[in-house]
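Hi,

Here is the structure I said I would pass on. Have a look at it first, and my notes follow underneath.

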Amino acid sequence: MTMRTASLVIGLLATLCAGPAFAGEGEEDPWEGFNRAMFTFNDGVDRWVLEPVAKGYDVVVPDPLERCIANFFQNLRVPINSVNGFLQGKPLNGASDLGRFTVNTTLGLAGFLDPATYFGLERHDEDFGQTLGVWGVPHGPYLVIPLLGPSTVRDTGGIVVDSALTPTWYFLDTAVTIGSRVFDTINARSLVLEDVENARNAAFDFYTFVRNGYLQRRAALLRDEKDVTREVDDALYFPDEPVR
Amino acid sequence: MPSTSPTSRFASGATAVLVATLLAAGTAAAAEAPRDVVRQLADEVLVVLKDKSLTSDAKRQRIEAIADRGVDFATLSRLVLARNLSKFSPAELAAFEKEFRRHLSVTYGDSVDSYKNEEVVITGDRDEARGDKTVRAKILRGGAGEDILVDYRLRQVNGEWKIIDFIVEGVSLVSNFRSQFQDLLSSKTPAQVIALIHGKNARGEAIVEKITPKGT
């Protein structure tokens with residue numbers, strides 16, 4: 001093995017071992033200027049358009065129905081969860097999600113109800129961004145996408161692949177697909193009216209609040225077990241407190 | 001020997017019972033495992049939330065009292081400040097701790113009114129570095145939404161287990177606030193940041209009082 005191939009292998013191994021960088025100090029955000037501008041735009045769209053619409057919708061539509069609609073849209077994404085389960089080398093999860101999709105689409109009346117969870121077929125929240133993570137691709141810089149919100153370079157690639165896997169694009173008219181996506185968004189937003197308001201009140205800097213929350217949550221999803229790793233612990237729970 | 005008399009037999013029997021009780025109490029206190037601590041706190045909070053005879057204000061006050069016993073706000077504040085801690089004088093640190101605790105109470109206090117029969121189950125615990133413990137719990141929301149996973153990080157302080165962080169669905173409160181204060185303290189002095197929290201608390205309290213006027 002030449003020096004070059006050796007260093008290539010070592011470099012590759014280092015990337016694989018690096019794993020998810022923890023969201024905390026040194027959150028990777030080299031594009032903060034652009035991101036903050038996009039965040040302000042998205043936040044404005046939410047405050048002035050999405051939130052008022054969702055509030056009105058929430059008045060008209062009863063909560064149980066909102067949850068049924070949310071179930072329906074979530075069920076449409078389960079095949080993607082399944083594919084990604086298989087791609088991540090978790091065939092049992094992938095198969096369980098296929099079972100979940102079958103049960104909820106039939107017994108669950110096209111997915112509006114969720115009998116699968118009752119039968120123990122819980123959803124595995126897997127997407128292609130996580131699949132890339134499992135394959136060793138680092139998450140790269142934080143990125144706020146217009147209208148879609150917080151992401152990273154890796155997760156953006158994931159979104160592109162996952163939407164290519166979404167069957168509706170091939171069967172339905174683009175306008176219908178986008179329309180259903182908008183409806184899904186309004187419905188989902190109406191379910192978290194209070195949570196978002198609480199978050200806005202709790203945050204001192206909403207941008208940093210969302211960035212840190214997003215990165216921590218994605219790292220947790222990638223670990224599956226919502227565990228915090230040992231290295232993270234030390235930085236988080238035993239900061240070197242200087243002697244005063 | 002009088003030791004065989006019924007009275008002394010009774011006395012020694014009583015002593016044995018007493019000693020046994022004390023020993024049992026002693027081991028119970030020592031074995032007050034972190035997950036029992038969390039279970040106990042969760043139960044106390046649930047009793048308050050379920051009590052329909054209490055006003056929102058009374059509920060908030062009671063839950064605050066429970067939190068003060070269960071959460072080590074001093075450690076939590078220090079962890080949030082982390083390497084910025086050295087910028088704070090002891091007086092500033094005390095003020096920060098007070099305002100930060102108040103902030104958590106003001107912002108999360110509203111949720112006493114949105115209680116929808118959630119229940120808490122302890123799902124496990126885990127040893128952490130340097131003697132810390134994590135207790136894992138699931139908040140069951142019934143039909144009101146998907147269950148929520150919460151990890152409680154505990155540390156033993158003066159022989160008592162106290163909560164030092166809440167990790168909700170993998171998102172640590174300490175990490176989240178640390179990152180916000182990191183940003184703020186890169187451009188502001190500790191005094192300015194304390195004033196900022198104070199102002200936000202005052203506005204938050206004004207809103208809370210508008211929603212639930214005192215004396216109703």
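One cut-off before anything else: a residue counts as buried under 20% relative accessible area, as exposed over 50%, and as partly exposed in between. Keep in mind too that this is a predicted model.

By that yardstick, where does Trp135(A) fall: buried, exposed or partly exposed? Its relative accessibility is 43%, so Trp135(A) counts as partly exposed. You'll find Trp135(A) in the loop that runs between helix 6 (128-134) and strand 1 (142-145) of chain A.

Trp135(A) also belongs to a nonpolar patch on the surface, together with Val83(A), Leu87(A), Val134(A), Val137(A), Val161(A) and Leu165(A). Together these residues have about 510 Å² of accessible area. Two helices of chain A, helix 3 (63-87) and helix 7 (153-165), supply at least two residues each to the patch.

Now chain A as a whole. Its secondary structure comes to 12 helices and 2 strands, and reading from the N terminus the order is α-α-α-α-α-α-β-β-α-α-α-α-α-α. Of its 244 residues, 42% are buried. Chain A has an accessible surface of about 13,100 Å², with 69% of that belonging to carbon and sulfur atoms. If you take the contacts in chain A between residues at least 6 apart in sequence, 69% of them join residues at least 24 apart.

On to chain B, which has 7 helices and 5 strands. From the N terminus its elements go α-α-α-α-α-β-β-β-β-β-α-α. Here 43% of the 216 residues are buried, and the accessible surface is about 11,300 Å², of which carbon and sulfur atoms hold 60%. For contacts in chain B between residues at least 6 apart in sequence, the share joining residues at least 24 apart is 49%.

I also spent some time on helix 3 of chain B, residues 56-70. At 1.5 Å a residue, its 15 residues should span 21 Å, and the end C-alpha atoms are indeed 21 Å apart, so the two agree. Which residues of this helix are buried? They are Ser56(B), Lys59(B), Arg60(B), Ile63(B), Ile66(B) and Gly70(B). Looking down the axis of helix 3 of chain B, these buried residues fall within an arc of 125°, so they line one face of the helix. The general background is that an α-helix has 3.6 residues a turn, so residues three or four places apart point the same way.

Shout if anything is unclear.

Cheers

Note on methods. Residues numbered from 1 in each chain as written. Chains lettered and ligands numbered in written order. Predicted model: local features only at pLDDT ≥ 70, side-chain atom pairs only at ≥ 80, totals over all residues. Heavy atoms only, no water. Helix = DSSP H or I, 4+ residues; strand = E, 2+ residues; numbered from the N terminus. Buried < 20%, exposed > 50% of the residue type's maximum accessible area, 1.4 Å probe, protein only. Contact = heavy atoms within 4.5 Å. Areas by Shrake-Rupley, 256 points an atom, 1.4 Å probe, with all protein chains shown as cover. Patch = residues over 30% accessible without salt bridge, like charges linked within 9 Å, V, L, I, M, F, W, Y side chains within 5 Å. Salt bridge = Lys/Arg side-chain N within 4 Å of Asp/Glu carboxyl O. Expected span 1.5 Å × (residues − 1). Arc of directions from axis to C-beta.
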